[in-house]
Structure formats: C-alpha cells, structure tokens
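These are my notes from going through a two-chain structure element by element. I list what I looked up and what I found.

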Amino acid sequence: MSALGKIVDYQPASLSVIGGRVHADQFIRGISHSVLSEDSTVISKPVEESRSTAEKLFDNRAELKTITAQYGLSYLDSKLRKQLFDQIDWILDVDEWEALDSYADQESFKTLMKFVLNAKPAQAPYLNIADDGHLVATWKAGDNKFRLECYANDRTNWFLSCTLDGEEEKLGGEARSLQRLIDRISPFKAAGWFHY
Amino acid sequence: MAKSQKKHKSYKKPPIVEAVIEIRFEDMLASTQLDKLISKQKTKFNVQKIEEVELKISGGQPEAGAQAETKTRLVGYKLTSNLNASDIIQVKANALSISRLPPYEGWENLLKDLKHYYNWYTNKKFKSLSRIGVRYINRIDIPSDGKIKVEDYFKIFPHVPQTKFPDMNHFLVQTAAAIDDEKLLTINMHRVPSPLLKHASIIFDLDVAQQANLPKNDDQLYQLLDEIREKKDFFFETLLTPKCKKLFNS
C-alpha cells in the first residue's frame, strides 16, 4: 500500500461529520484511487438482515444522539443534552412503539440541532415524529407556545401563539434558512418558551 | 519508568468531535473468537457489522466498455454504547479501537476505557502489536460573516499569493511527517459547513502513530500511549494560534 493509503488507514467511528457524509478520509480515499491498486470503502451496517423493531429503534436513537454529540460539541450544557436524550429515548421507545409509527429522519434532526445551537434555548423542546419522519419540536411557557417542524437542509415550518402585553399573537410561516427563522421569532422572546 | 508528571492544558470548550485510540495486532483472531467476544457485549452495546466494499473496474477493449464488480467482506464489528451513544468500540480480527464522541471526558477516561476493552480483547494475554495510533478530530468554529483568514487561527494553512487570488471556499490540507525515528504525524485539515450561524468551521485532525519498535508488554504499551498523547498535544498546541485557542475558553 502506498504511503497515502497508510495515512488514511484508520476509519473514524462516526462517518458523518457536519454537512453530510463526505468525511475527509472518504474524500481523500476518493482522490487516491489512482494511487492505490485496490481501494475500498468501510461501511457499518446492522448485524442481522432482519433486525427487530427494538434494534432498529436503538439504531435510530444512536443516530440522533451521535448527531447531538457531533453538532453540540461542548456548546450544549449537560442539562440540555440530557433533556434532548430523554426526548429521543421517549419518541423512539420500544414499549410505546406502534406498527405504523415512523422512524426519525436524521436530516430533519440536524436542522433541529442547528436551531437549538443557534437559538440557544435553556430547555429542550417536547419532540414528536410526523408520519413522514420529520421532527416536530414544541416549546411551551404556560399558554404561550412555539412549534417548529424541521425538514432537511434547514427548512422549517413554524407557528407561535402567545399573549404579550395583553395582546394575543398568532403567527406562523415557512422559513428556508435558520437565520431568517430566528430573526422572525426574536421579537417574541418575552413569551418565555425558551426559558432563557 | 516513572509516569509522566507533565501538566496538560485543558480547555473549557474542547473542540473535539472524536477522540480515538487504536491498537493493531500482528495475529488475526479467528472469526469464531471474534463472534464469542462480541456475544459478551450485546447487553451493553448495540452491535453493527463493519464491512469493506471493494469496487473493481476492469477496462476491456474500448468497444466493450468498462466492467464494475463489487465485493463485500466482513472485517469486524462496531459497538455503540446503549447509554449515550458517545462510546464506540470497533473490533476487528487484528485491531481494537475505542472512540469517544462529545462530551469529551479527558485522556485519563479514554485510556481507562481502552485498558478495559484491551484486556477483554486480549483475554489479559499480551499479543504482539503491529501499530498503535492516537487520533483526535477537532472542529474549530470560527466567528465569521463569510471570509476568514486561516492564518490567523492556524500555523499550518494553504499558502496563496497575496494579491489577485480568489477566496478559498474549500480547501484540503494533508501532511504526513516522521516526528522521530518511529512515530508518524498525520494532519488532515479541511473546511466543513458550520452548524453555527455566522461561523466558518474547519476540521483539524491530528493522528500520531507508531508502527516499528513496538512494546513487548502491557506496561510498555500504556507508557507509549502516554508518549503518543504528549506528541499529539504538542502539535495541537504548536499548530494553533493564541487567537484560535481563545475560542475554546470563551
């Protein structure tokens, strides 16, 4: 094996770093095809072809927790991290699972994680999984409520209802960037759903 | 030999995406031994196969076109902790690695875990080694409205002409260097989309490994791992600027 082959030998345990599945190693392996006489790609896949529901749920929980770790690094405090993990365990709980329930979509969860890192709520949302697998996050403070539907590539649908200074507000929309979303909801910080 | 008493710098917000220790052995375990090992861990870990997919493209006569053939082969297992998915063990017929994802809990904890699973893998009987490596993959998130001067944060960077050169949207740096008679330092560095708004993120990946003159017993192995860690820390500290390191304490 060439020197280039040797130095990219070890495959990290987590194959998806921020921004999709192109890891440096994979990228380098890609460009080293002409150097190496035999090249290969390492993949991880379930042990059994027919995995049980419990195992599939574990895989899905692990995927979401890995994304939480990789995106959150040391930005998430331990309390928020635990709350997020509790919610992940709850939405993918084998005891509550029904045959028609959907697994959580990873790309949707990445959008949620990016929102959490940038909006910096002090508490995790209540989570649900929609029929197509996208995540629905809800923050509440009394009757004030902020609901966020997360899709791939930072797309969101959002809805808020709150009473501020005696005025009832109901507002919602579709956002194609997280900056735009955060700008739209920032006037409603006083609604308290993020418990700053 | 006396243990290293050197104080290590720690940061409030370490940028570590994944910390890894890997040990490779000269002899291969039989697949039955590997399966037996794995079966003992099924309550504590979720187990996945690691497979290598090999793609061979053979070009015949131009008019016949190229033919592609794929082969899949089991090379080991990936064990992910049931508790928090932050601890990952990769077990192969001739290798053991442990990875820690955030939150990083320090070298001592990583080494403690390594010792535990090393004893499990070797059944407490020393096995001849073929390579030892320590790899830390960091993601440096730099506040930015678009442009960043990489040289303000790193002492290793792609050098370009100062005038009339377009901004680099992406770059990839890879270097390999012998750092003493036996150890090899590999650096991988490249930009990735940042999860933080108004930030640019750069992966800074350091790998220090040794393939020759390897330990002959467990004590020597653990001592060498500490030495490799010292080297890794030295290059981390040396290759980042004070402005960069400030990001980890802010």
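**Entry: helix α3 of chain B**

I began with helix α3(B), residues 218-239, which has 22 residues. From its first C-alpha to its last it reaches 32 Å, close to the 32 Å expected at 1.5 Å a residue; the expected span is 1.5 Å times one less than the number of residues. Helices here are DSSP runs of H or I with at least four residues, strands are runs of E with at least two, and both are numbered from the N terminus.

I noted the ground rules before going on. This is a predicted model, in which local features need pLDDT of at least 70 and side-chain atom pairs count only at pLDDT 80 or more, while totals for chains, interfaces and linings use all residues. Residues are numbered from 1 along each chain as its sequence is written, and chains are lettered from A and ligands numbered from 1 in the order in which they are written.

Next I looked up which residues of α3(B) are buried: they are Leu225(B), Ile228(B), Arg229(B) and Lys232(B). Seen down the axis of α3(B), the buried residues fall within an arc of 105°, so they line one face of the helix. The arc is that of the directions from the helix axis to the C-beta atoms. For burial I used the C-beta count: a residue is buried with 20 or more other C-beta atoms within 10 Å of its own, exposed with 12 or fewer, and partly exposed in between, with C-beta atoms placed from the backbone.

The face of α3(B) turned away from the buried side carries the exposed residues Asp219(B), Glu237(B) and Thr238(B). I then checked what the buried residues of α3(B) pack against, and found β1 (16-25), α2 (107-122), β6 (129-143), β8 (183-192) and β9 (199-210) of chain B. A contact means that two C-beta atoms, placed from the backbone, lie within 7 Å.

**Entry: the rest of chain B**

I counted four helices and nine strands in chain B. From the N terminus on, the elements run β-α-β-β-β-β-α-β-β-β-β-α-α. The C-alpha atoms of chain B fill a box of roughly 70 × 60 × 40 Å along the principal axes. Of its 250 residues, 32% count as buried. Among contacts in chain B with a separation of 6 or more, 66% are between residues 24 or more positions apart.

I picked out Gln67(B), found in strand β3 (residues 66-81) of chain B. Is Gln67(B) buried or exposed? With 10 C-beta neighbours inside 10 Å, Gln67(B) counts as exposed. Gln67(B) and Lys56(B) are 11 residues apart in sequence and 8.1 Å apart in space, C-alpha to C-alpha.

**Entry: the open sheet of chain A**

I looked up the strand order in chain A: five strands form an open sheet as β2-β3-β4-β5-β6, with antiparallel pairing. Two strands pair if DSSP finds at least two bridges between them. β2 (126-129) and β6 (167-175) of chain A stand at the edges with a single partner strand each, so one side of each is left without a neighbour in the sheet.

At one edge, four bridges join β2(A) to strand β3 (residues 135-141) of chain A. Leu127(A) has Ala137(A) in β3(A) as its bridge partner.

At the other edge, nine bridges join strand β5 (residues 156-164) of chain A to β6(A). Trp158(A) is bridged to Gly173(A) in β6(A). β5(A) and β6(A) form a hairpin with two residues between them, and Asp165(A) in the turn has a positive phi of about 50°. β6(A) is hardly covered, with a count of zero buried residues among its nine.

**Entry: helix α3 of chain A**

Helix α3(A), residues 53-72, has 20 residues. Its end C-alpha atoms are 28 Å apart, which agrees with the 28 Å it should span at 1.5 Å a residue. I found 16 of the 20 residues of α3(A) buried, so the helix is largely enclosed by the rest of the structure. Leu73(A), which follows α3(A), has a positive phi near 40°.

**Entry: chain A totals and confidence**

Chain A comes to six helices and six strands. Buried residues make up 34% of its 196 residues.

Chain A averages a pLDDT of 81, and 74% of the residues score at least 70; pLDDT is the predictor's confidence in each residue, from 0 to 100. Over residues 1-9 of chain A the pLDDT is below 50, and this stretch has 15 contacts in the model beyond near neighbours in sequence. Over residues 15-40 of chain A the pLDDT is also below 50, with 46 such contacts.
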